[in-house]
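Let's take a walk through this structure together, one region at a time. Have the model open beside you and turn it as we go.

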Amino acid sequence: MKKPFLSPSSLGLFKDCPRCFYREKVMQIKRPSGPFPSVTRGIDETMKANHDHHRPMRETADMMTELTGSTLYPDQANLATWRNWRSGLKADYPTFTVGGAVDDVIVEDGLTYSPYDYKSRGSEPPEGYAEKYYLHQMDVYALLLRENGMRPSGHAHLRFVWPIHDPKVDNGLRFKGKFVTVQVDPDRGLDLASRAAACLAGSAAPASGEECSFCDFIRKVGEAL
């Protein structure tokens, strides 16, 4: 097979289930998926527009109180390129390429760079939620920053927003948010990508993830036939 392109989402699949990852990349058998909720995309686009509005001022009001010493990456043209998965940041290695579309980048004290990602949920994220579900994504983004000449700060920021009831507004609905900072390691991202590429180079599909409901479904269907 040709040299694989590995994105944070595909590496997330590898972490979840190496067998499903192999099936998708080598055998072209993808997990079934439902429609992507349009409200999530709409919130993401609105958050991007809000940060782009504040980019000439270098920070938003909540950044001033929660992320002191940090500013938004100033080059809107570069960021627009990086936000597109076709033209996003990439890092090329002998046996694989890693790439991804970042939401944003934060400059720390004018010296180092942090991935900055927007996330929406139905409620406030519990403690440890960001590390459990998004650490690999932030590790990969830190790797991409490093490989493209931007020294990583060692952490990443996630801006979570969720809806709450507020009778003071017309429709009773507004969004609350908070920053969550996680410690990242670009070498950990590179190790994950290297293990994923080695998986794809194997001659047979590897074992399923311990809690993969998709593989469990396929097994049960096979037993029932």
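**Pockets, strands and charged pairs**

Helix α3 gives the largest share of the lining of the second largest pocket, namely five residues. Keep in mind as you look that this is a predicted model. The pocket in question has a volume of about 210 Å³, and α3, β7 (155-165) and β8 (173-183) are the elements that give two or more residues to its lining. If you would like to pick out the wall in your viewer, select Ile43, Thr46, Met47, Asn50, His51, Thr60, Asp62, Arg159, Val161, Phe175, Lys176 and Gly177. By class, these lining residues divide into four nonpolar, five polar and three charged.

Now move to the largest pocket, with a volume of about 2100 Å³. It is lined by 44 residues, of which Pro8, Ser9, Phe36, Lys119 and Gln137 are the closest to its centre. Which elements each supply at least two residues of this lining? They are α1, α2, α3, β4, β6 and α6 (129-147). The lining of the largest pocket is made up of 14 nonpolar, 13 polar and 17 charged residues. Helix α3 thus appears in the lists for the largest pocket and for the second largest pocket.

Strand β6 is a good place to pause. This strand covers residues 112-120 and holds Asp117. Is Asp117 buried or exposed? With a relative accessible area of 3%, Asp117 is buried, because the cut-off for that class is under 20%. Leaving aside residues up to four places away in sequence, Asp117 touches Asp103, Gln137, Met138, Tyr141, His157, Leu158 and Arg159. Two of these names are already familiar: Gln137 is among the residues closest to the centre of the largest pocket, and Arg159 is one of the residues that line the second largest pocket.

From here, turn to a sheet. Three strands make up an open sheet in the order β1-β4-β3, and their pairing is mixed. The edges are β1 (5-6) and β3 (89-92), each of which pairs on one side only. Strands of a sheet pair through backbone hydrogen bonds, either parallel or antiparallel. On one side of the sheet, β1 pairs with β4 (residues 97-100) in the parallel sense over two bridges, and Leu6 stands opposite Val98 in β4. On the other, β3 and β4 pair in the antiparallel sense over four bridges. These two strands form a hairpin with four residues between them, and Asp92 has Thr97 in β4 as its bridge partner.

While you are at β3, look at its side chains. In a regular strand the side chains alternate between the two faces of the sheet. Here Leu89 and Ala91 point to one face and are buried, whereas Lys90 and Asp92 point to the other and are not.

Our last stop is the charged pairs. Side chains of opposite charge can pair when their charged atoms come close. The model has 20 salt bridges. In one of them, Arg31 pairs with Asp16, with 2.6 Å between the closest N and O atoms. Arg31 lies in the loop between α2 (18-25) and α3 (38-54), and Asp16 lies in helix α1 (residues 8-16), so this pair ties together parts that are 15 residues apart in sequence. Arg31 is partly exposed at 23% relative accessibility, and Asp16 is partly exposed at 38%.

Compare that with Arg195 and Asp191, whose closest N and O atoms are 3.0 Å apart in their salt bridge. Both belong to helix α7 (residues 186-200), and because they are four residues apart there, about one helical turn separates them. Arg195 is partly exposed at 43% relative accessibility, and Asp191 is partly exposed at 41%.

A third pair joins Asp52 to Arg55, with the closest N and O atoms 2.9 Å apart. Asp52 is partly exposed at 22% relative accessibility, whereas Arg55 is buried at 2%. This pair belongs to a network of salt bridges that links Asp52, Arg55, Arg83 and Asp104.

How values were computed. Residues are numbered from 1 along each chain as its sequence is written. This is a predicted model: local features need pLDDT of at least 70, side-chain atom pairs count only at pLDDT 80 or more; totals for chains, interfaces and linings use all residues. Side-chain values use heavy atoms; hydrogens and water are left out. Buried means under 20% relative accessible area, exposed over 50%, partly exposed in between (1.4 Å probe, protein chains only). Contact means heavy atoms within 4.5 Å. Two strands pair if DSSP finds at least two bridges between them. A salt bridge is a side-chain nitrogen of Lys or Arg within 4 Å of a carboxyl oxygen of Asp or Glu. On a 1 Å grid over the protein atoms alone, a cavity is a set of points where a 1.4 Å probe fits but cannot get out, and a pocket is an open set with protein on both sides within 12 Å along at least five of seven lines; lining residues have an atom within 4 Å of a point. Grid points are joined across faces, edges and corners, and a volume is the space filled by probe spheres set on the points. Ala, Val, Leu, Ile, Met, Phe, Trp, Tyr, Cys and Pro count as nonpolar, Asp, Glu, Lys and Arg as charged, and the others, Gly among them, as polar.
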